[in-house]
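Me: Hi! I'd like a close look at a single part of this model, with the cut-offs spelled out as you go.

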Amino acid sequence: MNVKVINGPNLNLLGKRNINVYGKETLNEIRNWLESKAGDELLIEWFQSNHEGKIIDEIHNSLNCEGIVINPGAFTHYSYAIRDAIESVEIPTVEVHLSDINNRENFRKKSVIKDVCIGQISGLGKAGYLNAVKMIIDYKN
Ligand code: DQA
């Protein structure tokens, strides 16, 4: 099974950025950890971009994948274009956030992505990525 993991803006700064909120691990460390947890039958394709259009292109380029895990960063809260891209490709998608977006600033409580996803995981740190992959596997079975 192929799963694409897409990370949005500023997540390339993990490990340096707001470590009280996001922790000390870098995005690459999270990637290595997730790949170490994936069994032989699971291929993780990893992508990060700070650009909305590149994220949309990557969603369009995921037709070879059985699922998408996406942490859209701040785009979560206002990108109808990313929302529409997810809806258009009809690939089961799970929205993930490292932090608990429901217990932070008000603007983070709204996700415009959530309704086109099969689930939303928030506040579990890197474990959220693994849970999201498991959610896709369960959904497919
Ligand atoms: C985030 C939460 C967003 O509100 C924020 O803009 C991020 C990271 C998270 O993983 O907790 O960039 O998606």
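Leaving aside its neighbours within four places in sequence, which residues is T76 in contact with?

Reply: Happy to help! This is a predicted model, in which local features need pLDDT of at least 70 and side-chain atom pairs count only at pLDDT 80 or more, while totals for chains, interfaces and linings use all residues. Residues are numbered from 1 along each chain as its sequence is written, and side-chain values use heavy atoms, with hydrogens and water left out.

Setting aside neighbours within four places in sequence, T76 is in contact with E95, H97, K110, S111, V112 and I113 (contact means heavy atoms within 4.5 Å). T76 sits in the loop between strand 3 and helix 4 (80–89); helices (H or I, at least four residues) and strands (E, at least two) are DSSP runs, numbered from the N terminus. T76 counts as buried because its relative accessibility is 0% (buried is under 20% relative accessible area, exposed over 50%, partly exposed in between, with a 1.4 Å probe and protein chains only). The side chain of T76 also reaches the backbone oxygen of G73, at 2.5 Å. That is a polar contact, a pair of N or O atoms within 3.5 Å; within protein, one must be able to donate a hydrogen and the other to accept it, and residues adjacent in sequence count only if both atoms are side-chain atoms.

Now to the ligand. G73 and H97 are among the residues around the ligand, as are A74, H77 and R108 (a residue is near a molecule if one of its heavy atoms lies within 4 Å of it). A polar side-chain atom of H77 lies 2.7 Å from a ligand oxygen, and a polar backbone atom of A74 is 3.1 Å from an oxygen of the ligand. For R108, an N or O atom in the side chain is 2.8 Å from a ligand oxygen. The protein covers 99% of the 320 Å² of accessible area that the ligand has on its own, by the Shrake-Rupley method with a 1.4 Å probe.

As for the wider setting, five strands form an open, parallel sheet in the order 2-1-3-4-5, where two strands pair if DSSP finds at least two bridges between them. Strand 2 (43–48) and strand 5 (119–122) stand at the edges with a single partner strand each, so one side of each is left without a neighbour in the sheet. Strand 3 (residues 67–71) pairs with strand 1 (residues 2–7) in the parallel sense over five bridges, and there K4 stands opposite I68.
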